[in-house]
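Reader: Hey, can we go through this one together? I'd like to start with how the chains meet, then look at some helix packing.

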Amino acid sequence: MNSTLKTVLVLSVIALFAGLALGVVYFFTKSESSLPDAAALNALAPADGYVQLTAEGATQLEFGTLKSVCVPVDGNGKAVSDSFIFLADGNGGFSGTISMLVLITDGKIANVVCYENGETPGLGTNALTDTYLSRYIGIDITNDVVLKGLAKDYWSKPEKESGHENDAIQIDGYTGATRSSTAVVNSISTIHSYYVSNAESLLLQLNKLK
Amino acid sequence: MKKKSIIFNGIVTNNPTFRLVLGTCPTLAVTTAAINGLAMGLAVTFVLICSNLIVSLLRKLIPDNVRIAAYITVIATFVTILQMVMKTYLPDLYAALGIFLPLIVVNCIILARAEAFASCNTAIDSALDGFATGVGFTLSLTLIGIIREVLGTGRIFGLYLGLSQPLTVFVLPAGGFIVYGALMALVNAVSSKLSNKKLLDGKKAVQ
């Protein structure tokens with residue numbers, strides 16, 4: 001009994017010190033900027049650099065979470081166009097949320113790429129193909145009919161309860177991946193809701209960079 | 001144990017790659033370029049020194065029946081620290097080493113040195129052994145990396161050498177096996193010749 005107790009004690013103490021050491025190192029190495037990965041940003045909107053904006057207001061929204069906002073800048077750190085890059089997690093994926101990186105220029109969606117997802121390759125990822133994502137390009141970000149978020153149980157509820165029988169006419173893309181595409185819609189819908197309620201603060205920050 | 005012999009053992013006599021044939025998986029996988037081999041070697045050296053030191057300091061405290069669990073915890077801690085530091089300061093190398101960086105936790109060289117050396121030697125000797133074994137591993141990996149990079153891409157540490165048509169097979173897994181095998185054969189040939197000579201010298205001395 002005594003030796004068992006000693007074993008447990010020694011292992012616990014070692015684990016405790018290990019955890020402590022990891023915590024200290026994490027504190028010093030955690031990245032200060034929450035800018036998305038540079039390679040992904042470059043694929044979305046090639047630029048010399050990116051400047052992070054402060055996301056004011058609520059970022060935890062009904063259909064997802066806004067992760068970060070930044071603007072593409074030239075070599076002198078000046079914003080050259082009325083562009084924002086949003087990163088948002090959309091609820092409702094098959095395995096966790098789906099993160100979409102969206103470029104918005106002059107209030108319209110100019111480019112969309114998937115940033116992170118855990119969807120099944122070849123099945124869920126059908127909702128992340130260029131062909132499907134390119135359907136979002138050109139949509140006005142303030143358009144709340146097209147960019148409406150969907151609740152998690154939206155497609156599993158009876159038609160009358162969720163009201164999706166009325167949405168049938170709005171379907172203009174088919175991916176074969178219901179839940180994954182729901183998460184994509186939700187991610188972009190999150191950006192839409194955030195943009196609509198915080199446009200002023202965002203434009204103010206953008207103009208300061210000009 | 002003499003300090004000199006510890007260092008000689010780690011680098012030459014017990015060279016982890018060519019004599020003990022430990023840690024073959026990362027050896028073959030990351031040595032497509034010299035810089036990757038060097039980085040992997042240095043990463044393992046860091047973990048070896050630290051884990052050997054701690055394991056040796058704790059050797060009287062750790063109960064015998066859970067020693068492997070204790071060693072793995074110590075090793076995993078240092079590997080995770082290394083990962084966090086590399087991710088922040090050396091993101092390119094971090095990406096190049098990929099999965100083989102976290103897999104250092106189960107690298108048999110480190111566990112072997114903890115079990116065979118650090119658990120029954122003093123802290124300073126153990127740290128020295130970790131350093132020597134690490135240097136041996138680093139040198140071997142860098143050598144394989146240089147050969148594969150020169151033959152496979154015509155470059156050395158990323159610098160273009162201006163050689164004619166490179167042989168792409170050397171950066172592929174097959175080329176890794178070829179270079180590894182050829183080097184091992186060479187090391188074996190040299191060492192058997194040396195030991196023969198030693199035997200002969202010994203006989204002569206007796207006569």
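Author: Sure. This is a predicted model. In it, chain A and chain B bury about 1200 Å² between them, with 82% of that on carbon and sulfur atoms.

Reader: Which three residues supply 40% of the area that chain A buries against chain B?

Author: Those are Ile14(A), Leu22(A) and Thr29(A); no other three residues give more.

Reader: And how many residues does each chain put into the contact?

Author: Chain A brings 13 residues and chain B brings 17 residues.

Reader: How many salt bridges across the interface of chain A and chain B?

Author: The rule finds zero there.

Reader: OK, switching to helices. At what angle do α3(B) and α7(B) pack?

Author: About 170 degrees, and the axes of α3(B), residues 34–57, and α7(B) are 7 Å apart. The two helices are therefore roughly antiparallel to each other, since the angle is over 145 degrees.

Reader: Is that crossing left-handed or right-handed?

Author: The crossing of α3(B) and α7(B) is right-handed. By class, their contact has 17 nonpolar, twelve polar and two charged residues.

Reader: What about α1(B) against α7(B), how do they cross?

Author: The axes of α1(B), residues 3–13, and α7(B), residues 123–153, come within 7 Å and cross at roughly 30 degrees. That makes α1(B) roughly parallel to α7(B).

Reader: Who makes the contact?

Author: From α1(B), the residues are Lys3(B), Ile6(B), Ile7(B), Gly10(B) and Ile11(B). On α7(B), they include Leu128(B), Ala132(B), Val135(B) and Leu139(B). By class, the contact of α1(B) with α7(B) has eight nonpolar, three polar and three charged residues.

How values were computed. Residues numbered from 1 in each chain as written. Chains lettered and ligands numbered in written order. Predicted model: local features only at pLDDT ≥ 70, side-chain atom pairs only at ≥ 80, totals over all residues. Heavy atoms only, no water. Axes fitted to C-alpha atoms, helices over the stretch in contact; angles between N-to-C directions. Helix = DSSP H or I, 4+ residues; strand = E, 2+ residues; numbered from the N terminus. Parallel < 35°, antiparallel > 145°, perpendicular 65-115°, else oblique. Contact = heavy atoms within 4.5 Å. Nonpolar A, V, L, I, M, F, W, Y, C, P; charged D, E, K, R; others polar. Buried area = accessible area lost by both parts, 1.4 Å probe. Salt bridge = Lys/Arg side-chain N within 4 Å of Asp/Glu carboxyl O. Left-handed = near helix turned anticlockwise from the far one by under 90°.
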